[in-house]
Amino acid sequence: MNIVNNMHEYMTREIRKTMVLASGALMLLLLGASSGTKDSFFTALEQDLARYNSDFHTEKAYLFTDRYVYRPGESMWFQGFVSSKPAGGEVPYSQDFFIKLMDANGEEIAFRRYPVTENMVSGKLRSPATAVPGKYHIIAYTGWMKNQPPRDAFRNEILISRYYDNRLDVLIIFDRLSYLPGDSMTVNLSMKDSKGKVLNDTPFDYSVESFDKVLFRATSTTDSKGSAIVTMQLPESGDALFFHADVKKRKVIASQYRYIPVFTDPPDIRFYPEGGSLVKGLPATVAYRTTDGHGMPVYIQGNLVDKTGTVLAETGTNQRGLGSVAYIPSGDSLYLQITHPVKLDGLYPLPAATEQGFALHLESMDEDSARLSLRSSCDGCLNQTYWVALMNGEIIWQKEVAFSGAALVAIPLRHLKA
């Protein structure tokens, strides 16, 4: 890192004395350089720090388990989240999410790696059948967090005991795909035991929480069908919010979290043209992903508009923040305008189209084959194409196809090796 090298070289050359204050919490550096040199150094340092914080954001990992008590050898179901700071809606650098189970002596007894998808990860971690009953810690971190201090890793305490029965299942369904701060939110819950029997007339606690505090808490009871409906007003908060349900039936405990999609700041939108590029005059499909200020998927509805504000198409995402729009690119700039859950003044420009080139498009796909088309904006600029399909770094299919302005190719799928 240039900033690290620059700071090290300058400190080595210029520092004359170091004073540590408040038990190491504050370090005062007395520099023996001319004022002009100091001014230029601090200016360059501020610029480097700003660039560093922009290009190399920090990540935080959060992990919620289905409960706090497990038996030896039992699976711990979990849901994890990755938040990126200060890059706002940036997609995290990390592709991997690491979980460790540590005993009271700090010894690692289980370790797993899981893929990060849309800032989230879910799965299960099995505790060893030979685990000694007692207190344990779950440690969670991302691949990028290896560059950060160890204290940034997520840590939570659980208990392993031989005297608890199997897990309970809690299903949480929101009444809407997205909310605004202060909106009323209705949540439908259903609860069953591990054998599928409904938990009727069972009291439970529920709350709205951020990563570090509880903002709302209440108690309710399921009906004769093991269901419950609770309504609350969302707090006016810019933090990431979660709905948390806690239920206990005899010695069985369940704790379930679900991220609340609250629309606050303008989302971050990333566009992904099909085939990698757009060409003027050739039909195109552009996929896009919307995330909120915490890097979590956000649901939106909107329009494809030109520079005059004329609506060319309607579009929107699903609850995973994924959407697409089909159109024919021209020489004019086109934009995505968000109209729901709230209309925004700002516009999101779509990628610009090139004057000439090729456009690849997935026409259809089923269990047998994927049919793709290739079109060109120039006649006679290409007369032969070579199609190659790769899987796990190996060529699994190839074909030579004559080309005269357009081609349609079917790639076989049924007999491809997994």
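These notebook entries record what I looked up in this structure, which is a predicted model.

**Entry 1: cavities**

I began with enclosed space and counted three cavities of 30 Å³ or more. The largest cavity holds about 60 Å³ of space. I then listed its lining, which consists of E274, S277, L278, V279, L282, P283, A284, T285, A359, L360 and H361. Two elements, β19 (284–291) and β25 (358–365), each give two or more residues to this lining. I noted that β25 gives the most, with three residues. By residue class, the lining of the largest cavity divides into seven nonpolar, three polar and one charged.

I turned next to the second largest cavity, where about 40 Å³ of space lies. Its lining is made by G238, D239, A240, L241, Y259, I260, V262, T264, D292 and H294. I sorted these lining residues into five nonpolar, three polar and two charged.

**Entry 2: a surface patch**

I looked up a nonpolar patch on the surface and found V388, L390 and I395 making one of about 310 Å². Of its members, I followed I395, which lies in strand β28 (residues 394–402). I recorded I395 as exposed because its relative accessible area is 53%, and the cut-off for exposed is over 50%.

**Entry 3: salt bridges**

I found seven salt bridges in the structure, and I examined several of them.

In one of them, K100 pairs with E108, and the closest N and O atoms are 3.6 Å apart. I entered K100 as partly exposed at 22% relative accessibility. E108 is also entered as partly exposed, at 42%.

In another, the side chains of R176 and D183 meet with an N to O distance of 3.0 Å. Is D183 buried or exposed? I found D183 to be buried, with a relative accessible area of 17%; the cut-off for buried is under 20%. R176 counts as partly exposed, at 36% relative accessibility.

I also looked up the salt bridge between D332 and K307, whose closest N and O atoms are 4.0 Å apart. This pair links distant parts of the chain, 25 residues apart. I placed D332 in the loop between β22 (322–327) and β23 (334–340). K307 sits in the loop between β20 (301–306) and β21 (311–316). I noted D332 as partly exposed, with a relative accessible area of 44%, whereas K307 counts as exposed at 61% relative accessibility.

Definitions and conventions:
Residues numbered from 1 in each chain as written. Predicted model: local features only at pLDDT ≥ 70, side-chain atom pairs only at ≥ 80, totals over all residues. Heavy atoms only, no water. 1 Å grid on protein atoms, 1.4 Å probe; cavity = no way out; pocket = protein on both sides within 12 Å on 5 of 7 lines; lining within 4 Å. Points joined across faces, edges and corners; volume = space filled by probe spheres on them. Helix = DSSP H or I, 4+ residues; strand = E, 2+ residues; numbered from the N terminus. Nonpolar A, V, L, I, M, F, W, Y, C, P; charged D, E, K, R; others polar. Patch = residues over 30% accessible without salt bridge, like charges linked within 9 Å, V, L, I, M, F, W, Y side chains within 5 Å. Areas by Shrake-Rupley, 256 points an atom, 1.4 Å probe, with all protein chains shown as cover. Buried < 20%, exposed > 50% of the residue type's maximum accessible area, 1.4 Å probe, protein only.
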